[in-house]
Amino acid sequence: MSYTALAVLAVVAALVTDLAVLRTGLVRRRAFWVSYAIIVVFQLITNGVLTGVRVVRYNPAAILGSAHPQLLGHGRVAFAPVEDLGFGFALVLATLAGWVYWGRRGLQRTPTAGPPRWRDGSPPS
Amino acid sequence: MSHLVYLAVLAACLVGTAWLEVVVRTRVYRRWRRLVVAIGPVLVVFVVWDLYAIHRGQWTFDSRYTTGLLLPGRLPVEEVAFFVVVPLCAVLAFEAVRAVRGWPAGDEPAPDPAADPASEWHGEGGPR
């Protein structure tokens with residue numbers, strides 16, 4: 001299977017994991033999408049370095065785009081193949097679904113996160 | 001030094017997110033056992049995918065920018081580290097957003113029955 005097909009499959013598999021297997025339903029949560037919006041920016045930067053410097057090279061037969069990294073276009077986003085967005089989304093969603101699943105099962109549900117240090121001294125909101 | 005490029009990118013991810021644990025109090029490293037079981041299966045699946053892609057020649061790693069330490073299947077050790085570092089950073093970002101905004105994700109502790117029921121409980125039925 002091409003990287004393109006596998007990337008689509010991975011997104012579907014991650015969605016099924018979140019919605020049907022672990023039943024975490026993160027894709028229905030604001031907390032997930034805001035986190036993902038932040039994560040994807042840094043993903044594009046780090047992945048842009050790895051593909052732009054050509055630490056990783058892609059076989060043009062396996063991707064939509066060409067073998068030549070460019071900032072945008074020809075199947076590339078921030079130098080990386082557009083397929084990497086699916087790969088990264090699946091990696092993040094599967095991880096966070098697992099994280100929430102085990103917390104919900106009672107594994108280190110606490111200590112919960114926060115409050116941030118800059119709110120020290122102010123009453124809880 | 002160029003052999004450390006890939007590792008340096010991963011190190012930058014760890015360094016760049018470390019402040020979240022301290023300043024935002026994400027408490028992700030403190031919950032390392034939960035982290036291990038969350039990342040473990042994802043790591044296995046993505047390493048298998050990686051091995052398939054390497055075997056099929058879908059992507060290759062430039063030996064100038066990697067340490068050259070290869071695991072069975074010609075898998076660079078950096079790739080395994082990638083599948084630990086990226087999920088770890090994702091959980092840090094997720095918990096940081098929750099720490100700042102207080103949005104629920106479905107794993108919140110049950111409300112303390114001694115506390116005022118009208119207080120800040122944001123679990124099921126609360127805002128999504």
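Me: Where does α2(B) bend, and by about how many degrees?
Reply: In this predicted model, the bend falls at Ile39(B) and is about 30°. That angle lies between axes fitted to the seven residues ending at a position and the seven starting there. A proline, Pro41(B), follows within four residues.

Me: How do you know that the end-to-end span of α2(B) agrees with its 24 residues?
Reply: Counting 1.5 Å a residue, the helix should span 34 Å, and its end C-alpha atoms are 33 Å apart, so the two agree.

Me: What makes Ile39(B) count as buried?
Reply: The cut-off is 20 or more other C-beta atoms within 10 Å of a residue's own. Ile39(B) is among the residues of α2(B) that are buried, as are Leu35(B), Val42(B), Phe46(B) and Trp49(B). The buried residues of this helix pack against α1 and α3 of chain A, along with β1 and α3 of chain B.

Me: Why are β1 of chain A and β1(B) called paired?
Reply: Pairing needs at least two bridges found by DSSP. Here 3 bridges join the strands, which run antiparallel, so they are called paired. One of the partnerships sets Tyr58(A) against Trp59(B).

Me: What makes up the side of chain B that touches chain A?
Reply: Happily, there is a clear breakdown: 30 nonpolar, 6 polar and 12 charged residues. In all, 48 residues of chain B are in contact with 47 residues of chain A. α3(B) gives the most to that side of chain B, with 11 residues.

Definitions and conventions:
Residues numbered from 1 in each chain as written. Chains lettered and ligands numbered in written order. Predicted model: local features only at pLDDT ≥ 70, side-chain atom pairs only at ≥ 80, totals over all residues. Contact = placed C-beta atoms within 7 Å. Helix = DSSP H or I, 4+ residues; strand = E, 2+ residues; numbered from the N terminus. Nonpolar A, V, L, I, M, F, W, Y, C, P; charged D, E, K, R; others polar. Expected span 1.5 Å × (residues − 1). Buried ≥ 20, exposed ≤ 12 C-beta atoms within 10 Å, placed from the backbone.
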